[in-house]
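Reader: Hey, can you walk me through this one? I'm new to this.

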Protein chains: 2
Amino acid sequence: MIGSGVKRGTAELAVLSVLRDGPLHGYELARRIEQQTDGALRFTLAALYPMLYRMEQQRWIRGSWETSASGRRRRCYRVTPAGKKKLSPLRREWAELFRALHRLTKVAHG
Amino acid sequence: MIGSGVKRGTAELAVLSVLRDGPLHGYELARRIEQQTDGALRFTLAALYPMLYRMEQQRWIRGSWETSASGRRRRCYRVTPAGKKKLSPLRREWAELFRALHRLTKVAHG
DNA sequence: TTCTATATATAAGAATCCTATATGTAAGGG
DNA sequence: CCCTTACATATAGGATTCTTATATATAGAA
């Protein structure tokens with residue numbers, strides 16, 4: 001699995017990307033991130049919940065309490081229009097970082 | 001320029017990669033990172049110096065005081081064998097992160 | 001002598017991750 | 001009925017790595 005030093009800062013992009021495919025609650029969100037990256041990227045729930053609160057305060061996502069068929073209380077998050085607007089430049093920024101690191105590591109040694 | 005939230009954690013890879021092309025002192029190192037990424041990746045010296053101390057403690061780089069032709073005192077860093085060994089898995093980890101993020105952002109929307 | 005570029009250094013604070021801990025419900029096996 | 005596992009959210013305390021601001025000092029040009 002990717003270490004915490006390297007993956008630092010990716011949670012925001014991961015959450016927005018996964019939620020864009022449909023609303024989810026925190027616990028399931030963590031599983032999707034892990035599944036969709038074949039276990040490479042993984043976040044503890046203790047990291048995800050505070051992240052979700054921050055993103056909700058910034059109006060990028062919106063949470064609502066729901067009760068599942070089994071009677072389980074959980075908070076369901078969906079991306080807001082502001083969140084969708086945020087996603088594009090965020091992806092571009094990550095792509096730019098990728099290009100920058102690629103150039104740095106390739107200079108003078110193939 | 002890439003924001004601090006996104007680039008977080010890249011300094012270690014950047015320093016090792018640039019120093020691999022030859023020994024440098026901190027001030028020049030900062031310029032190389034900026035130049036080689038066309039200004040996309042940029043670190044303040046206040047961020048770089050503590051990073052260089054940490055990397056020296058971990059024996060990935062080694063610093064030595066030198067005096068330039070102009071009589072200027074400066075600390076010249078070079079990568080140690082341990083640092084070169086560190087670089088390969090670090091690059092692999094970053095490559096894996098980008099694959100993971102690519103998969104996440106592409107699922108269900110091209 | 002004053003301004004700019006070079007060069008290193010530290011302090012205080014913000015952001016984002018970690019482990020550990022807490023609480024509680026639902027479902028299934030013994 | 002009780003015990004364990006899976007589900008689900010929450011917070012505390014700590015580590016790391018950035019930020020801005022500040023300090024010191026030399027070299028060269030104007």
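Author: Sure. To compare copies, we superpose them by least squares on the C-alpha atoms of residues with pLDDT of at least 70 in both. Here a rotation of 180° with 0.0 Å of shift along its axis puts chain A on chain B, with an RMSD of 0.0 Å. That is the relation of a two-fold axis. This is a predicted model, where local features need pLDDT of at least 70, side-chain atom pairs count only at pLDDT 80 or more, and totals for chains, interfaces and linings use all residues. Residues are numbered from 1 along each chain as its sequence is written, while chains are lettered from A and ligands numbered from 1 in the order in which they are written.

Reader: Which residue of chain A comes closest to the rotation axis?

Author: A:Arg8, with its C-alpha at 3.1 Å.

Reader: ok, and how many residues does the contact take from each chain?

Author: 33 from chain A and 33 from chain B, counting residues as in contact if their C-beta atoms, placed from the backbone, lie within 7 Å. The largest share of chain A's side, eleven residues, comes from helix 5 (helices are DSSP runs of H or I, at least four residues, and strands are runs of E, at least two, numbered from the N terminus). Also, 100% of chain A's interface residues are interface residues in chain B too, so the copies meet through the same surface.

Reader: Switching topic: what surrounds DNA strand D?

Author: 27 residues do, and A:His25, A:Gly26, A:Ala46, A:Arg74 and B:Ala46 are the closest. Near means a C-beta atom, placed from the backbone, within 6 Å of the strand.

Key
Contact = placed C-beta atoms within 7 Å.
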